[in-house]
Amino acid sequence: MASLIAIAASQAGPAHSFMLGEVLADAARQLGHDLKLQVQSSLGTQGQLSAAELAQASAVIVAADAGAAVDRSALPAGRVLDVAPDAVFRDAGAVLRQALALAGAPASAPAAAAPVAAAAAGRPLKIVAITSCPTGVAHTFMAAEALEQGAKALGHQIQVETQGSVGAQNTLGAQTIDEADLVLIAADTQVDRSRFAGKRLHSSGTKAAIHDAQGLIAKAQAEAAVWGGEGAAAAASTAAAGAKPAGKVAATGPYKHLMTGVSFMLPFVVAGGLLIALAFALGGIYVYDDAHKGTLGWTLFQIGAKGGFALMVPALAGYIAFSIADRPGIAPGMIGGLLAGTVGAGFLGGIAAGFIAGYSVNALNHWIRLPRGLEGLKPVLILPLLGAAITGVAMMLVIGQPVAAIMAALTDWLKGMQTSSAVLLGITLGAMMAADMGGPINKAAYVFSTTLIASGVATPMAAAMAAGMVPPLGIALACRLFASRFTPDEREASKAAAVLGLAFITEGAIPYVARDPLRVIPACVLGSATAGALSMMWGIALQAPHGGVFVLAIPNAVNHVVLYALAILIGSVVTALALGAFKKKVVVAA
């Protein structure tokens, strides 16, 4: 390990000088070397250097503007590398390697480059983690619990921050992050990683944490890479719009971007749908007429329909773009989503607008190169302006009308479905909801159903929710009817599964699926398809996209409450009977 000294002095201001020093310090950590930092600015000199430290230094890096006054009288002759701040921001690692070459030291120190990996076999690690899923309910907390249990089994310390539907809980403090050896992000949505600059970080989906937390932690120890974060990659512009850092662990695909948009959209749909249902309860089915103007029911309808639902598509588009291009993508995405509503393109247009905005802003961010002093204009002026122009033109002149025609045809088809086609759609949605218990197939059916509510088509939502409630309810019922097919632990856990099922948390079935997928999944698909088919056949419409049986108490949230409860009950019974037929009796050891 080489002992390095860096002196940072920029005439662009104190903030620029400090960032210059931090970039060099991060690069030294990544290469496994020790770096002593001194920052000279108009605020004075921070980080005094002793004569002994200067004498023992392998090399001294002076990162300063040409006009900056740096006292060189005490610097060791022959071991000083002068560089411009731009060179540091462009490639700090190259500057470090050049300084080490000047000193005749190796470019990296393997023994110190990955302290956590080396320490893993010898001492417990301090791990910090974040879990998050699109709806912010089951997968978020199941992944957190699994990581806590997995870390405990391996002898590590862990603190998990859950970014759920009620906000962040068990939030990671700055000191906790600073003391951590490893950062683990198990999320199906975009998570802000700027807090973890300079830390070893590994990311995965929530499913990996739920199914094998110990294996995921071991994989993270072996594969985690130092996260560059905004503190390094965007230091030159002091903005979040800097180029994507090289330390990013894994690229996110379209599915993850879509799920990020959905997670931010759901509160608008839930609030809007429930307010409309309450309005109907107070003023009747025609509460929106001018005859009711000024009443509480009419007011609630305006808030739900013209407030919550009106913002649904812009939120979806804006946060799809945010997932792709960070904060500079939000404004172009939301503007595109609003225009999608204006031209009648609905949620399909919003999805298209989000991806157009995100990828165009991301491309512009990489293509546009400005002088350092003007880089700060990119995230607040240039990228939102050009991104909004590109997205708006695309929506208004290119894809808006074709997508609107597709959306209108889809809506008309759904509204005019005959019994046979409605049942087929119900079977399809039901089977998808139970196919992977909250995975991509489940989420595809759910997103399709929720986004149609704003278009006045609420029957698919009823089918999807009924189908999503059936797997845990059916399993809980099977544990009572066919107790011999389940272990004592499974029978005890069925109580919690029943509660999760009533709350429309399909993931309550996951522990049973994990133990016996070839029998449990088909049984759940049969029951969910039955519930979905019955719900569509009976024309049941649901205004609220979440809440399970708890929304049934709200008048007019469901148009046929008794039939809806019957569909869920029948689907649960079908799942229970199928489990009784498919599963074998559990052999109890003597």
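Start with the whole protein on screen: among contacts between residues at least 6 apart in sequence, 70% join residues at least 24 apart. Keep in mind that you're looking at a predicted model.

Now colour by secondary structure. You should find 23 helices and 11 strands. Switch on the surface next: about 24500 Å² is accessible, and 63% of that belongs to carbon and sulfur atoms. How many of the 590 residues count as buried? The share is 52%.

Time to hunt for rings. A search of the whole structure turns up 6 aromatic pairs. A pair like this is described by how far apart the ring centres are and by the angle of the planes.

Select F264 and Y319. Their ring centres sit 3.8 Å apart with the planes at 10°, and planes under 30 degrees apart count as stacked, so this pair is stacked. Where do the two residues come from? F264 is in helix α12 (residues 254–283) and Y319 is in helix α13 (residues 296–325), so zoom out a little to see both helices. The two are 55 residues apart, and their pairing links distant parts of the chain. F264 is partly exposed, with a relative accessible area of 34%. Add F322 to your selection: F264, Y319 and F322 form one aromatic cluster.

Next stop: F355 and Y359. Here the centres are 6.1 Å apart and the planes at 15°, so this pair is stacked. Both residues lie in helix α15 (residues 346–367), 4 residues apart, which is about one turn of the helix. Is Y359 buried or exposed? Y359 is partly exposed, with a relative accessible area of 40%.

Notes. Residues numbered from 1 in each chain as written. Predicted model: local features only at pLDDT ≥ 70, side-chain atom pairs only at ≥ 80, totals over all residues. Heavy atoms only, no water. Buried < 20%, exposed > 50% of the residue type's maximum accessible area, 1.4 Å probe, protein only. Contact = heavy atoms within 4.5 Å. Areas by Shrake-Rupley, 256 points an atom, 1.4 Å probe, with all protein chains shown as cover. Phe/Tyr/Trp six-rings, centres within 6.5 Å; stacked < 30°, edge-to-face > 60°.
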